[in-house]
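Please look over the structure below. The report after it walks through selected parts.

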Amino acid sequence: MTPEQLRYSKTHEWAYVTEENGEKIATVGISAFAVEQLTDLVYMELPQAGQSVTAGESFGEVESVKAVSDLYSPVTGEVVDVNSELADSLEILGTDPYEAGWIARIKITDETGMDDLMDYAAYQNQCSDDG
Amino acid sequence: MPYTYGTERDEQEMLEAIGIDGVEDLLRQVPAEMRLARPLDLPPAMGELELTQHLQSLSQQNTSAQQAVCFLGGGSYDHFIPAVVDALASRGEFYTSYTPYQPEVSQGNLQVMFEYQTLICQLTGLDVSNASLYDGGSSVAEAALMSLSITRRHGKVIVPSTVHPEYRRILETYLASTDTELVTVAATNGRVAPADIAAVIDEGTASVILQHPNFFGCLEQVEEIAEIAHANGSLLVMAFDPISLGRLKSPGELGADIAVAEGQCLGSPMAFGGPYLGIMACKEEFVRRMPGRIAGETVDRRGQRCWVLTLQTREQHIRREKATSNICTNQGLFALRASIYLSVLGPHGLREVADLCLQKSHFAAELIGQSSRCELAWSDPFFKEFVVRDTRGQVDELLAEARHDGLLAGVALGRWYPDLEDCFLVSVTEQRTREELERLGSCLSANNNQEVCHA
């Protein structure tokens, strides 16, 4: 996956949607821009497999040396898989946020709000405004 | 009493420093109708000699645990305090210090916290302890909030009526502004039946809070209740008596997820109710949700052993509105006293204290059980406290009589438990001598005999 292939939320999460056995699965993570803004990460609370999540609502949190921030789900659905290696090696987020740094895979149950996700160009614009 | 002074010259200098003519200028923005136009209704000022005598005569109206034979308990206990506790804890370096805002400057304080946490982990059989909280009651409430945050369940917290009634009041207060319901389960005799917990637990239940030994001194069926809680995805919070762990299984062994305690019994005086020490330990997986702070050991750049605040006042600085708690500090002086006490006793000493409490309380219960006026309320197993029923139902008179004989014989239970109006709680520590126990036994019987004689 390259950053250009992903869709982004205003709160800096990314989603990559694929079709598997007729179901839409979103792999989600946080953007390189978010990781850079958070500075040194010390802890991440991941969602749990089986948990229901709603687009725009908190499904975990990330703690850096300067703040605790919520992780907001970019899609609505059920968590089917969680990147359990991430908790003990948060540095992956700094080196490879879009592949090895994925956070969870979510089976999409409701596509409402999916259209609000930005493409790469729009997200880049938002980041340059925020930065 | 501290000597505080404020001369006219001091006042004048302060007024000049801030550039005003008199104290009245400072009060000008308070509307006249809001101000008291007459002096406060107080007696005239006393001189130092007169004041010292007056305060001494007031303080002499109190009866301390040292002046009478103390069988009072219910959260505050008359255990022996070795002289070394006061000798070390009263050193100026400890007694007057406060953790600086750059805590690593104060390595001695951090080392105390670290050693305190180590002792509490060893005692509770749990992975992590914080550097302490304010007292037993607020620790119970903090543990309840922690359980809501960990389980992300906000429906219920279940607490049996055998948990200290004041702890339950604090819980009520903490939960009053949340959506979480505090469900109180009534006890069967001296303890709660696991089936009664199972009957009210549901998928919205964050935790079950037990006290073991409970407020009545009885032993709860902790393991069974822990299983019920865990099978439901809820946590088990256990309030324990630190002294009891010299003999009883630790909270960790019993399956507790979070263990809390009142730490006064570990080397601090009863002091008419406080300040005390809140103990809290939990499983490692919950450490991020633990309130307060944790000191850790590391090495400095020269490779020397040193201490840091591993999890410092994160609640305030970092978590902000996502915080589990607003507690950022700890009860340093009392944690120090507990550390000295536990270090001096060691595991064998603590076991000896626990065994003495166990044996002496059971001896006392046996004596009281033989009295024709009083009886043991229940036959449930107990540690160092037990509930006595006055068959005449005149608890206040009975306790007043005992007080007259120099015995603080127990705590009347009617104020918290209307159905136990005829009962009182008797606590027996290692300090009580055989002679004192026999005095208690005969005092409770003698009252009975007098009544019989008068009749």
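What follows covers the two domains, one helix, the contact between chains, and one sheet with a loop. The model is predicted.

**Domains of chain B**

The domain assignment splits chain B into two. Domain 1 is made of two segments, 69–79 and 347–454. Domain 2 spans 83–341. Taken over C-alpha atoms, the centres of the two domains of chain B are 29 Å apart. Where they meet, 25 residues of domain 1 of chain B contact 23 residues of domain 2 of chain B. On the domain 1 side, α13 (332–370) and β12 (385–390) of chain B each supply at least two residues. The most comes from α13(B), with 7 residues.

**Helix α8 of chain B**

Which residues of helix α8 (residues 165–175) of chain B are buried? They are B:Y167, B:R168, B:L171 and B:Y174. Their arc around the axis is only 120 degrees, so they sit on the same side of α8(B). The packing partners of these buried residues are α7 (136–151), β3 (156–160), β4 (181–185) and β6 (235–240) of chain B.

**Between the chains**

Chain B also touches chain A. Here 4 residues of chain B are in contact with 4 residues of chain A. The table sets out the residue classes on two contacting sides.

| Side | Nonpolar | Polar | Charged |
|---|---|---|---|
| Domain 1 of chain B, touching domain 2 of chain B | 15 residues | 4 residues | 6 residues |
| Chain B, touching chain A | 1 residue | no residues | 3 residues |

**The sheet of chain A**

Chain A has an open sheet of 6 strands. Their order is β1-β2-β3-β9-β8-β5, and the pairing is antiparallel. At the edges are β1 (7–8) and β5 (52–53) of chain A, each pairing on one side only. Within the sheet, β3 (residues 23–30) and β9 (residues 104–110) of chain A run antiparallel and are joined by 4 bridges. In this pair, A:T27 stands opposite A:R105 of β9(A).

**A loop residue of chain A**

After β9 of chain A comes a loop leading to α3 (120–130), and A:M114 is found in that loop. Why does A:M114 count as partly exposed? A:M114 has 17 C-beta neighbours inside 10 Å. A residue needs 20 or more to be buried and 12 or fewer to be exposed, so a count in between means partly exposed. A:M114 and A:A55 are 59 residues apart along the chain, and 8.3 Å separate their C-alpha atoms.

Methods
Residues numbered from 1 in each chain as written. Chains lettered and ligands numbered in written order. Predicted model: local features only at pLDDT ≥ 70, side-chain atom pairs only at ≥ 80, totals over all residues. Domains from an automatic or database assignment. Contact = placed C-beta atoms within 7 Å. Nonpolar A, V, L, I, M, F, W, Y, C, P; charged D, E, K, R; others polar. Arc of directions from axis to C-beta. Pairing = 2+ DSSP bridges.
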